[in-house]
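Trainee: Please take a close look at a single loop in this model, and then place it in its wider setting.

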Protein chains: 2
Amino acid sequence: MRLAVIGIGLMGGSLALSLKKKGFVSNVIGVDNNLDHQTEALRLGIVDEIMTLEDAVKLSDIIAIATPVNIAEKLLPLVLDLVDKQIVFDLGSTKEAVAQIASAHAKKGRFVPTHPMWGTEFSGPSAAQSDAFENKATVICNREQVDEDALLTVERLYKTLGMHIVTMNATKHDIHVAYVSHISHITSFALANTVLEKEKESDNIFELASGGFDSTVRLAKSNAATWVPIFMQNKENVLDVLNEHISQLRKFKSCLEKENFEYLSDLIENANGIKRILK
Amino acid sequence: MRLAVIGIGLMGGSLALSLKKKGFVSNVIGVDNNLDHQTEALRLGIVDEIMTLEDAVKLSDIIAIATPVNIAEKLLPLVLDLVDKQIVFDLGSTKEAVAQIASAHAKKGRFVPTHPMWGTEFSGPSAAQSDAFENKATVICNREQVDEDALLTVERLYKTLGMHIVTMNATKHDIHVAYVSHISHITSFALANTVLEKEKESDNIFELASGGFDSTVRLAKSNAATWVPIFMQNKENVLDVLNEHISQLRKFKSCLEKENFEYLSDLIENANGIKRILK
């Protein structure tokens, strides 16, 4: 099978490497408007050739859209215009916008809205990993509007990567990821800004920061080009969770101010409940 | 050398196992008022025997106080009362309270206030690790009030564990750890409570939560008995950082509400500055 990857960064690059390693695809065509990324992707063996969007769509069997979500939104109708029997899917962190755009297109049956729940805080082709995705969940949205052959192929593709498939409608997906992914990124960005603002002696951060700090701030290295469009597209859900998060932080603040250490203990014990959910 | 560990949990247990493995101590006496922890520590080979506080102090060369910080505060004068030539040090996450208590005691020269910057979100003897501490920093506070032999021995102990030593006064230590450790824990507890509050379908969290969520929420598994006393003792510094953190989160909220995506991008790019500090 011949795969076209539009956007050869962390996600698209990892998809290409992983699918090639598993033998699911024989050949990968890359599409990217960043010349450095083109060169890097060729050099790293992520893609076999670079083509224009039009040629890539015409010469491939399956097309992955792996750009930032605002660009995916713009490219999707253009790609579907070019498609005949090919299968198109995306990997974006928001699903409602693309699902809606697809549903207005005559070729909607060829498009599978998906979200593989894997990523790192790094970006670009050099961040791509050939053993990505394994043992993680992938969400497939709005199956009812997708052609059966397209759905089966994309499911087989994710199963080949070792992922388990979760079915969910796009609206519900966007609500859930606001809780389990988007708010973590905002917290982490804000925490980094807090520490950078308060702690001018950066040697001290470096010396004293241990594993706990590193893990809560790790996501703050994630890039703006990816995350601003995600927050834009999922604005209402993210705001909803962010308001709740600020009000939860205010409870900690109030406990400290009032020296209500019994309630502080209750808050922490309630938070420990996350053990039931995360191993 | 014979070590007494008062409080055989994650920190004290890891210290005992690691020092034994390195051959720094030949024998470990455990002191703990939790009977289950006594049995577990003996069974796991963390301690060789269990004694009362009084016997343990009398029969050991070096004494580590590894209890929650509110208990350390109470035990320190009792331990110093019993001490002759023995060396005492603590491992607590706050340093000003113990340093002040020690400075009022006649035996202040025998006590070294320390804080090894290592930990996990787990607790109890079963959480102890024999390869803990390695390549991390340890803070030694208020060296000027410590006897030279005590200081040298504690420094040698931490160097044996593969730690590098940072010297800092207790007040400054407590300010810095509010930034690089305590606020991360509050954020994580509050984030767990946010998600538990908003996300009633816990299967969905479990299915969709990927590495990013896990790393920001990991610390929320930490126990209240350890953390409430830390937040109490470091209340002013923690409140200061928490206020800044809430105001940083409000900036993200305002960007989303006003759809000011340029400023949102600036906030994220500023947060990326943490890359300069954390590798």
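Mentor: Helices and strands here are DSSP runs, helices being H or I over at least four residues and strands E over at least two, numbered from the N terminus. Residues are numbered from 1 along each chain as its sequence is written, while chains are lettered from A and ligands numbered from 1 in the order in which they are written. The model is predicted: local features need pLDDT of at least 70, side-chain atom pairs count only at pLDDT 80 or more, and totals for chains, interfaces and linings use all residues.

The loop between strand 6 (111-116) and strand 7 (137-141) of chain B holds F133(B). Phi of F133(B) is near 75°, a positive value in a residue other than glycine. F133(B) is buried because 23 other C-beta atoms lie within 10 Å; the cut-offs are 20 or more such atoms for buried, 12 or fewer for exposed and anything in between for partly exposed, with C-beta atoms placed from the backbone.

In chain A, N135(A) sits in the loop between strand 6 (111-116) and strand 7 (137-141). N135(A), also not a glycine, has a positive phi near 65°. N135(A) counts as exposed because it has 9 C-beta neighbours inside 10 Å.

Back in chain B, G92(B) lies in the loop between strand 5 (87-90) and helix 5. G92(B) has 26 C-beta neighbours inside 10 Å and so counts as buried. Its C-alpha is 18 Å from that of E134(B), a residue 42 places away in sequence. Leaving out residues up to four places away in sequence, G92(B) touches V69(B), A72(B), V98(B) and H115(B); contact means C-beta atoms, placed from the backbone, within 7 Å.

Some of these partners belong to a helix pair. The axes of helix 4 (residues 69-82) and helix 5 (residues 96-103) of chain B come within 10 Å and cross at roughly 10°; axes are lines fitted to C-alpha atoms, for helices over the stretch in contact, and angles run from 0 to 180 degrees between N-to-C directions. Helix 4 of chain B is therefore roughly parallel to helix 5 of chain B, since angles under 35 degrees count as roughly parallel, over 145 as roughly antiparallel, 65 to 115 as roughly perpendicular and the rest as oblique. Helix 4 of chain B contributes V69(B), A72(B), E73(B), L76(B) and P77(B), and helix 5 of chain B contributes A97(B), V98(B), I101(B) and A102(B). This contact has 8 nonpolar, no polar and 1 charged residues; Ala, Val, Leu, Ile, Met, Phe, Trp, Tyr, Cys and Pro count as nonpolar, Asp, Glu, Lys and Arg as charged, and the others, Gly among them, as polar.

Between the chains, 80 residues of chain A are in contact with 80 residues of chain B. Helix 7 of chain A gives the largest share of the chain A side, 21 residues. By class, that side has 44 nonpolar, 21 polar and 15 charged residues.

One helix pair spans the two chains: the axes of helix 12 (residues 261-271) of chain A and helix 10 (residues 224-233) of chain B come within 10 Å and cross at roughly 135°. Helix 12 of chain A and helix 10 of chain B are therefore oblique to each other. F261(A), L264(A), S265(A), I268(A) and E269(A) of helix 12 of chain A meet A224(B), W227(B), V228(B), F231(B) and M232(B) of helix 10 of chain B. The residues of this contact divide into 8 nonpolar, 1 polar and 1 charged.

Conventions:
Contact = placed C-beta atoms within 7 Å.
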